[in-house]
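The exercises below concern nonpolar cores and aromatic contacts, and each task is followed by a solution worked in steps.

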Amino acid sequence: YTVEDGQLVFHVRHYRYDYTSSFAVSDAPSFLKEGKRYYSDDGHTFYDEEGEHVGDEPTYFQFLSMRSTTSYSAEQLDAYIVEMLEERQQQGGQYADAATKSKLLGLGTVLKKVEQELHVNALLILALAQHESDYGMSNHAQTYNNLFGLYVFDENPANKTFSSIEGNVLELAGQFLNKNYIPPGAGYAHGAYFGNKVQGVNVRYASD
C-alpha cells in the first residue's frame with residue numbers, strides 16, 4: 001500500500017501475467033504517510049517495510065456486510081448514476097455516449113428490489129456493476145446485458161446473454177452471491193463482504 005493525494009492505494013503483482021496494477025481503496029488512514037510503502041495481510045492492519053506495526057483501520061466499504069441495507073433510495077442511486085456517467089462522458093472515448101447508452105441507467109429500482117427481496121446491499125451491487133462493466137459500457141454489458149461478467153472465465157470468455165439487466169442482477173444475487181459466496185458453508189465462502197484476495201468475495205470471484 002502507498003498513500004497518494006490522500007488516498008490509500010493498493011498495489012498487487014500479477015505474477016502469471018508479469019505486471020503490477022494499482023487502485024485506490026479509500027481515504028488513507030492518518031497514520032500512513034506519503035512516500036512510504038506499507039503492507040497488510042487483512043486490509044486493516046498495516047506494517048511498514050521493517051515489519052513494524054504502524055496502525056489499524058478497516059476500510060469501511062471493503063468490509064461492509066453484503067447483508068446490510070444502504071440508506072440510499074432508488075431515486076438517489078439513479079441520480080448518482082447519472083452524475084457519474086456525465087462525468088465519464090466528458091472524458092470522451094469509450095464513454096462518449098455514456099449518459100444515454102450505459103446499461104446502468106435506471107438501475108436504482110432494480111437494486112432496491114433485490115436488496116429488499118434477496119437481502120444483498122444495493123450500493124455494493126452497484127459498485128460491482130460499475131467496476132465489472134466499465135460503467136455499463138463494456139461489450140458484455142452492451143451486447144449481452146451482462147454487467148458482472150457472469151459465466152465469463154479467463155480460459156473461456158463465454159458470451160452469456162441475459163434477456164434484461166434486471167435478470168442479470170437477479171442472477172448475480174440469487175445464483176452467485178446467495179448460493180456460492182455469502183452463506184458460511186457455501187463453496188466459495190470466505191466472508192460476506194468484498195474484502196481482498198485473502199478474505200471475502202474477492203478471493204474467488206475473479207482471478208485478478
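**Exercise 1.** Does Y205 count as buried or exposed, and what is its relative accessibility?

*Solution.* The model is a predicted one, and the value to begin with is the relative accessibility of Y205, which is 15%. Buried means under 20%, so Y205 counts as buried at 15%.

**Exercise 2.** Describe the geometry of the pair that Y181 and Y205 form, and state which helices hold the two residues.

*Solution.* A pair of aromatic rings is described by the distance of the centres and the angle of the planes. For Y181 and Y205 the centres are 6.0 Å apart and the planes make an angle of 55°, and the pair is tilted. Y181 belongs to helix α6 and Y205 to helix α7 (residues 202–205), so the pair ties together parts of the chain that are 24 residues apart in sequence. Y181, with a relative accessibility of 4%, also counts as buried.

**Exercise 3.** Classify the pair of Y1 and F46, and place both residues along the chain.

*Solution.* The ring centres of Y1 and F46 lie 5.3 Å apart with the planes at 80°; planes over 60 degrees apart count as edge-to-face, so this pair is edge-to-face. Y1 is in the segment before β1 (2–4), whereas F46 is in strand β4 (residues 45–47), and the pair therefore links distant parts of the chain, 45 residues apart. As for burial, Y1 counts as buried at 10% relative accessibility, and F46 does so at 0%. Together with F10, F23 and F31, the residues Y1 and F46 form one aromatic cluster, and the structure holds 10 aromatic pairs.

**Exercise 4.** Which residues of the largest nonpolar core touch the most other members, and which helices supply at least two residues of this core?

*Solution.* The largest nonpolar core has 38 residues, of which L107, F148 and V169 touch the most other members. At least two residues of this core come from each of α1 (74–89), α3 (108–118), α4 (122–132) and α6 (165–181), and the largest share, 7 residues, is that of α6. For L107, once neighbours within four places in sequence are left aside, the contacts are D78, I81, L126, L147, I165 and V169. Apart from this core lies another, of 7 residues, including Y1, L32, Y38 and F46.

**Exercise 5.** Over which rings do the charged ends of R13 and R88 sit?

*Solution.* The charged end of R13 sits over the ring of Y15, at 6.0 Å from its centre, while that of R88 sits over the ring of Y135, at 4.1 Å from its centre.

Terms used: Residues are numbered from 1 along each chain as its sequence is written. This is a predicted model: local features need pLDDT of at least 70, side-chain atom pairs count only at pLDDT 80 or more; totals for chains, interfaces and linings use all residues. Side-chain values use heavy atoms; hydrogens and water are left out. A nonpolar core is a set of buried Ala, Val, Leu, Ile, Met, Phe, Trp, Tyr and Cys residues joined through side-chain atoms within 4.5 Å. Buried means under 20% relative accessible area, exposed over 50%, partly exposed in between (1.4 Å probe, protein chains only). Helices (H or I, at least four residues) and strands (E, at least two) are DSSP runs, numbered from the N terminus. Contact means heavy atoms within 4.5 Å. Rings of Phe, Tyr and Trp (its six-membered ring) pair if their centres lie within 6.5 Å; planes under 30 degrees apart count as stacked, over 60 as edge-to-face and the rest as tilted. A charge sits over a ring if NZ of Lys or CZ of Arg is within 6 Å of the ring centre and within 35 degrees of the ring normal.
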